[in-house]
Amino acid sequence: MNASTVSLAGALFFEFPFLRPLLQESLEDNDGEVLAHLLFPDVVRWLLSPAANEAQRVAVWQWLENIYPSTDTAQQEVIVFSAIEMIPDPGVPGSEMRRMLGPNLRREDPWLNPPRYT
């Protein structure tokens, strides 16, 4: 846990009150610690669930898109490895969520921008 990733999680849950039950559950499961690398996959799973509607899905990804350029390395790692990379692989139900990614996040998606080896 570091202050940077905790602040990212706090900002997300402040911005989207409908996600707060996930935060509460995580706090109960993790002795009151905010563990962003565990929380963000929970958010993506929730966004993929029938509980989420299209507007909520779009709003969360748009918010992440907008803040991404101003985040630090630790926060970017949470967004990339614990959110973007949790979107199901192409061809798997839920993979269509990838179309909600804006240009900043699309650049970080390994399915949309596979690494080039030279």
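How many salt bridges does a search of the whole structure find? The search finds four, and I will spend most of my time on the residues that make some of them, after a short look at the fold as a whole. Please keep in mind throughout that what we have on the screen is a predicted model.

Let me begin with the overall architecture. The chain has six helices and zero strands, so that, read from the N terminus, the order of elements is α-α-α-α-α-α. With a radius of gyration of 14 Å, close to the 13 Å that the globule rule gives for 118 residues, the chain is as compact as a globular protein of that length. The C-alpha trace spans about 45 × 30 × 25 Å along its principal axes, and 44% of the 118 residues count as buried. If we take the contacts with a separation of 6 or more, 58% of them are between residues 24 or more positions apart. The accessible surface of the chain comes to about 6,700 Å², and carbon and sulfur atoms account for 56% of that surface.

Now to the charges. The chain carries 8 positive and 16 negative charges, and the mean positions of these two sets are 11 Å apart. As a general matter, side chains of opposite charge can pair when their charged atoms come close.

I would start with E54, where a network of salt bridges links E54, R57 and R99. One pairing in this network is between the side chains of R57 and E54, with a distance from N to O of 3.9 Å, which is to be read against a cut-off of 4 Å for a salt bridge. Both residues belong to helix α4, which covers residues 54-67, and they lie three residues apart, about one turn of the helix. R57 counts as buried because its relative accessibility is 15%, whereas E54, with a relative accessible area of 37%, is partly exposed.

The side chain of E54 also meets that of R99 in a salt bridge, here at 3.2 Å from N to O. This pair links distant parts of the chain, since E54 is in helix α4 while R99 sits in the loop between α5 (73-82) and α6 (103-106), 45 residues apart. R99, for its part, is exposed, with a relative accessible area of 55%.

Where, then, do R98 and D109 lie in the chain? R98 is in the loop between α5 and α6, and D109 is in the segment after α6, eleven residues apart, so that this pair too links distant parts of the chain. Their side chains meet in a salt bridge with an N to O distance of 2.4 Å, and both R98 and D109 are buried.

Finally, a word on the backbone. Most residues other than glycine have a negative phi. D31, although it is not a glycine, has a positive phi of about 50 degrees. This residue is found in the loop between α2 (20-29) and α3 (36-48), and, with a relative accessible area of 76%, D31 counts as exposed.

To close, I would leave you with two places to look at on the screen: the network of salt bridges that links E54, R57 and R99, and the buried pair of R98 and D109.

Methods:
Residues numbered from 1 in each chain as written. Predicted model: local features only at pLDDT ≥ 70, side-chain atom pairs only at ≥ 80, totals over all residues. Heavy atoms only, no water. Helix = DSSP H or I, 4+ residues; strand = E, 2+ residues; numbered from the N terminus. Rg over C-alpha atoms; globule rule 2.2 N^0.38 Å. Buried < 20%, exposed > 50% of the residue type's maximum accessible area, 1.4 Å probe, protein only. Contact = heavy atoms within 4.5 Å. Areas by Shrake-Rupley, 256 points an atom, 1.4 Å probe, with all protein chains shown as cover. Lys, Arg positive; Asp, Glu negative; His and termini not counted. Charge placed at Lys NZ, Arg CZ, Asp CG, Glu CD.
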